[in-house]
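Please look through the structure below with an eye to its charged pairs and its nonpolar interior, which the following paragraphs take up in turn.

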Amino acid sequence: MFLVYCVIINQKQAITMSIFDLFRGGKGGGVETISPVDALNKLKEGVKLIDVREPAELKSDGKVSKAVNIPLGQLSPDKLPQDKEAPLMFMCRSGARSSMAARQASSWGYTTVYNVQGGIMGWKATGTSLK
């Protein structure tokens with residue numbers, strides 16, 4: 001069996017995972033995939049939402065008002081909350097990059113990590129307003 005690996009290099013470390021892990025979805029590896037509706041409810045409860053899209057994508061596709069933008073290539077432990085028990089949600093355009101970010105955060109020791117299924121495209125499909 002052959003595995004293909006995806007590597008994203010930023011200034012501090014390389015994020016490496018198999019393509020199988022990237023698209024596996026659901027629970028596994030400390031990451032739970034949740035619907036945009038569930039993400040909205042968690043956002044209302046105070047869970048931090050991290051949008052890993054590039055700034056140009058925020059301008060073209062819109063942004064969730066309480067989301068913090070940390071592009072995937074700039075993601076590092078020092079940009080995330082120090083409290084590794086605090087739940088985190090990750091979002092991108094479609095869910096692929098945010099899945100990578102969520103798995104990376106889990107590998108850094110964050111205990112409750114969510115990936116928003118469908119990303120901002122899924123969020124828009126629910127009719128929820130954007131900034």
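With which residue does R97 form a salt bridge? In this predicted model, the partner of R97 is E57, and the closest N and O atoms of the two side chains are 2.8 Å apart. Because R97 belongs to helix α4 whereas E57 belongs to helix α3, which spans residues 55-61, the pair ties together parts of the chain that are 40 residues apart in sequence. The two partners can also be described by their accessibility: R97, with a relative accessibility of 26%, counts as partly exposed, while E57, with a relative accessible area of 16%, is buried, since the cut-off for a buried residue is under 20%.

The structure holds 4 salt bridges, and the next ones to consider involve R53. The side chain of R53 meets that of D51 in a salt bridge with an N to O distance of 2.7 Å. R53 is buried, its relative accessible area being 0%, and D51 likewise counts as buried at 0% relative accessibility. R53 also forms a salt bridge with D61, where the closest N and O atoms are 4.0 Å apart, and here too both R53 and D61 are buried. Taken in a wider view, D51, R53 and D61 are linked with R93 in a network of salt bridges.

From the charged groups, the reader may turn to the nonpolar interior. In soluble globular proteins, nonpolar side chains tend to be buried together. The largest nonpolar core of this model has 17 residues, and those with the most contacts inside it are I50, V52, L75, L80, F90, Y110 and V113. Strand β6, residues 88-91, and helix α4, residues 96-107, each supply at least two residues of this core, and α4 gives the most, with 4 residues. Helix α4 thus appears twice in this account, since the helix that contributes to the core is also the one in which R97 lies.

Y110 offers a way to follow the surroundings of one core residue in detail. When its neighbours within four places in sequence are left aside, Y110 is in contact with P77, L80, P81, D83, K84, L88 and A105; of these, L80 is itself named among the residues with the most contacts inside the core. Apart from this core lies another, which has 13 residues, including A39, M89, M91 and I120.

Methods: Residues are numbered from 1 along each chain as its sequence is written. This is a predicted model: local features need pLDDT of at least 70, side-chain atom pairs count only at pLDDT 80 or more; totals for chains, interfaces and linings use all residues. Side-chain values use heavy atoms; hydrogens and water are left out. A nonpolar core is a set of buried Ala, Val, Leu, Ile, Met, Phe, Trp, Tyr and Cys residues joined through side-chain atoms within 4.5 Å. Buried means under 20% relative accessible area, exposed over 50%, partly exposed in between (1.4 Å probe, protein chains only). Contact means heavy atoms within 4.5 Å.
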